[in-house]
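Visitor: Please show me the model, and let us then discuss its side-chain packing.

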Amino acid sequence: GAAVALRFAAAQPERDEKLVLVNPIAFDAIPGEDVRSLQKNTARYALRVSRGVMGAAPLMRELLQKSVADPAHMPEPLVARYTAPYVGQEGVNHLLKISRFVENDDLEEVNLRALPHPTLVVWGDKDPWVDGRVADQLADTIGGSKLVHLPNAGRLVPEDATDTLTNLILDFIGARGSG
C-alpha cells in the first residue's frame, strides 16, 4: 500500500494533502521478506494444493500469524477474513498473480525528496519481514516527515495497535474535535 501511495503522490501531488505510511516498504526492501517468501513459496505450494479446497489459505495463515507481535491480535476469524480471497484454485491463482506484481523497482522513478506532502511514517518495531531502518531512511528522505515507532507492534500495525494508529492518524490529519 505505501509503495502505491508514494507513486500516486509523486504522479499527482495536487490530489494529496498529507501522506500516512504504515510499515512502508521502500528502497532495497521492495518487496518485503513477507512477499519474497510468498513469491518463492507460492508456485511450489500451488502445485501441492491446486486440487485442495483450502487453496493458498494455509500459506497465508502462517504469514499472517508471524505479522503480528501478539498472536491474540490474529485470531482465527480474522485469519479467515484475510485468507478468504485465497481459497480454492482461484485463490491460488490470485495469490500467484499478486506475488508477481511487487517488484524491486516499483519506486525507482519516484523522487521521494521532491514529495511536498507532510508525511507520517508509522513503524511497528516488531516487524519480522522488513528492517526498521527502511522507515528511518524513508522519513529522512521525505522532507516534512514525522516518524513514530510502535515498540509493541509487528508488520500489521492496524491489528496490533488499532487505537494507537487511529489516534496518530486523527492527530496528524487534524481531525480531532471536529465532530
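Visitor: The charged end of Lys18 sits over the ring of which residue, and how far from its centre?

Guide: This is a predicted model, in which local features need pLDDT of at least 70 and side-chain atom pairs count only at pLDDT 80 or more, while totals for chains, interfaces and linings use all residues. Residues are numbered from 1 along each chain as its sequence is written, and side-chain values use heavy atoms, with hydrogens and water left out. A charge sits over a ring if NZ of Lys or CZ of Arg is within 6 Å of the ring centre and within 35 degrees of the ring normal. For Lys18, the ring is that of Phe172, and the distance from its centre is 5.2 Å.

Visitor: Which residues of helix H6 are buried, and where do they fall around its axis?

Guide: H6 (residues 133-141) is a helix in the DSSP sense, a run of H or I of at least four residues. Arg133 and Asp140 are exposed (over 50% relative accessible area), whereas Val134, Ala135, Leu138, Ala139 and Thr141 are buried (under 20%, 1.4 Å probe, protein chains only). Seen down the axis, by the directions to the C-beta atoms, these buried residues line one face of H6, because they fall within an arc of 160 degrees.

Visitor: Which element gives the most residues to the largest nonpolar core?

Guide: A nonpolar core is a set of buried Ala, Val, Leu, Ile, Met, Phe, Trp, Tyr and Cys residues joined through side-chain atoms within 4.5 Å. The largest has 19 residues, and Leu6, Leu21 and Leu138 are among those touching the most other members. The element that gives the most, with 4 residues, is H6.

Note on methods
Helices (H or I, at least four residues) and strands (E, at least two) are DSSP runs, numbered from the N terminus.
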